[in-house]
Amino acid sequence: MTSTQITTRHAFRRTDNYTAGAPKLKLVEEPLPLPLAPTSALVKVHAVSLNYRDANIANGGNPWPVLPNGILGNDAAGEVVVVGNKVKTLFVGDRVAPITDTVNMSGREVGRSWLAADEDGVLADYVVFDEEKLCKLPTYLDWVAAAIIPCAGVTAWAALSGMSVGKTVLIQGTGGVSVFALKLARAAGLRVILTSSSDDKLQMMKEKFASPPLLTVNYRHPGWHEEVLSLTQEVGVDIVVENGGTGSLVKSIKCTRRGGIVSQVGYLGKQDACDLAELVPTIIDRRVILRGINAGSKYDMEDLCAALSATQMPLDDLIDTVFPFQQAEEAIECIWQGKQIGKLVLRL
Ligand SMILES: NC(=O)c1ccc[n+]([C@@H]2O[C@H](COP(=O)([O-])OP(=O)(O)OC[C@H]3O[C@@H](n4cnc5c(N)ncnc54)[C@H](OP(=O)(O)O)[C@@H]3O)[C@@H](O)[C@H]2O)c1
């Protein structure tokens, strides 16, 4: 390890106080996990992108266990500032991000360890990771845009995998995963049907993604799935980026073509098993593949970064607001209220 004066960091840890109105985060100064292991790297964080998951964890709603008072955040972009003496793949100055599930290298591993849940997250000015858990970021993107890749980007990438030019995708909502999926779908030549609860948001997205025309449906209409079917001449879409969970899953399958894929990404609606009474007959009837998405592997992230570098796709149009690091609490509350279109990012 080369010499460094950096021994402490600032981090936002959860208060685990789930009372409405109580602060959900506390800024702490704490020692870094040093000395650096031989295969680890110290990373200076430049931007942290927030996800619905962060707001959900901060408000006690995560469906899986979380580390008490853990550091929030799983999407960061940063610069390697120190490397351990056995690090082979990284150099000081490399632009990197940790993978979201630090066990998931190839997709075949049986365990999982999610940042901000099973282990500390990345809402800090410095983080330490083993080199194998860090992925190199495309160099054409600034820090803010690069920070949306690891979770929202890789999830969207994994949710769309297997699609080819000319297929039709249904993307639900205008949040981070959805807008990233919309960009990737457009780049891949897919026909997109986008849903939202807001006609205003749909209008804004139609203007932003005007060519080819964006097809839209308001999912507040109880018959939204019939509107989707009608946009596909009653055939159904080839793939769904499913974000609602139990409340929308059966309808999503009903508007998917025979043999199509539903990528189950989110659980944004009220989760009630009673909504799934028709699930089995509907899956059988439509011969649909229901595919669980769990962010993605390191290989997925490398593939996405390669695709981004090849296309030089701008991502700044997916950023709703950039907050200073110190305003993490406000940014989390903003996500919790669901006011954004796309991503909220904290700049350090
Ligand atoms: N499985 C995974 O690996 C993975 C990875 C990342 C995220 N997720 C999950 O995916 C979901 C989306 O995450 P995100 O970070 O993109 O969230 P986000 O940025 O907070 O997106 C929220 C948006 O989703 C839309 N929405 C809200 N309720 C909905 C519903 N019942 N049905 C359809 N859309 C709804 C709303 O859009 P409108 O205002 O336009 O209606 C809302 O603004 C969350 O449940 C998150 O936990 C899963």
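Two residues are taken to be in contact if their C-beta atoms, placed from the backbone, lie within 7 Å. In this predicted model, Thr 7 is a convenient place to apply that criterion. Leaving aside residues up to four places away in sequence, Thr 7 touches Pro 31, Leu 32 and Leu 34. Its C-alpha atom lies 5.5 Å from that of Leu 32, although the two residues are 25 residues apart in sequence. Thr 7 belongs to the segment before strand 1, and it counts as exposed because 9 C-beta neighbours fall inside 10 Å, where 12 or fewer is the limit for that class.

Leu 34, one of the residues touched by Thr 7, also takes part in a notable backbone feature. The peptide bond from Leu 34 to Pro 35 is cis, and its omega is near 5°. Pro 35 sits in the loop between strand 2 (25–31) and strand 3 (40–50). A further cis peptide bond runs from Ser 211 to Pro 212, with omega near -5°. Here the proline is placed in the loop that joins helix 5 (199–208) and strand 10 (215–218).

We may turn next to the overall division of the chain. The protein is split into domain 1 (8–148 + 315–347) and domain 2 (154–292). Their C-alpha centres lie 28 Å apart. Across the boundary, nine residues of domain 1 are in contact with eleven residues of domain 2. On the side of domain 1 that touches domain 2, four residues are nonpolar, three are polar and two are charged.

The ligand brings both domains into the picture. Domain 1 and domain 2 each give residues to the shell around the ligand, so the ligand lies between them. There are 32 residues around the ligand, and those that come nearest are Tyr 52, Gly 173, Gly 175, Ser 196 and Gly 266. By class, the shell contains eleven nonpolar, 19 polar and two charged residues. Several helices contribute to this lining: helix 1 (52–58), helix 3 (149–159), helix 4 (176–187) and helix 7 (246–254) each supply at least two residues of the shell.

Helix 7 also has a part in the strand arrangement of this region. Strand 11 (residues 237–242) and strand 12 (residues 256–264) are paired in the parallel sense over five bridges. Within this pair, Ile 239 stands opposite Ile 261 of strand 12. The chain leaves strand 11, passes through helix 7 and arrives at strand 12, giving a right-handed β-α-β crossover.

The pattern continues from strand 12 onward. Strand 12 pairs with strand 13 (residues 289–292), again in the parallel sense, over four bridges. Ile 261 faces a partner here as well, standing opposite Ile 289 in strand 13. Together, strand 12, helix 8 (residues 279–286) and strand 13 form a right-handed β-α-β unit. Ile 261 thus has Ile 239 opposite in strand 11 and Ile 289 opposite in strand 13.

How many of the eight residues of helix 8 are buried? The number is zero, so helix 8 lies largely in the open. Just after helix 8, Arg 287 takes a positive phi of about 50°, although this residue is not a glycine. Arg 287 lies in the loop between helix 8 and strand 13. With 11 other C-beta atoms within 10 Å, Arg 287 is exposed.

A positive phi also occurs at Asp 16, where the angle is near 60° in a residue other than glycine. Asp 16 lies in the loop between strand 1 (8–14) and strand 2. Is Asp 16 buried, partly exposed or exposed? It counts as partly exposed, because 14 C-beta neighbours lie inside 10 Å, and that class falls between the limits of 12 and 20.

A final example joins distant parts of the sequence. Glu 330, found in helix 10 (residues 328–337), is separated from Pro 23 by 307 residues in sequence, yet their C-alpha atoms are 9.7 Å apart in space. Glu 330 has 12 C-beta neighbours inside 10 Å and therefore counts as exposed, since the class includes residues with 12 or fewer.

Methods. Residues numbered from 1 in each chain as written. Predicted model: local features only at pLDDT ≥ 70, side-chain atom pairs only at ≥ 80, totals over all residues. Near = placed C-beta within 6 Å. Nonpolar A, V, L, I, M, F, W, Y, C, P; charged D, E, K, R; others polar. Domains from an automatic or database assignment. Pairing = 2+ DSSP bridges. Right-handed = clockwise from strand over helix to strand, strands pointing away.
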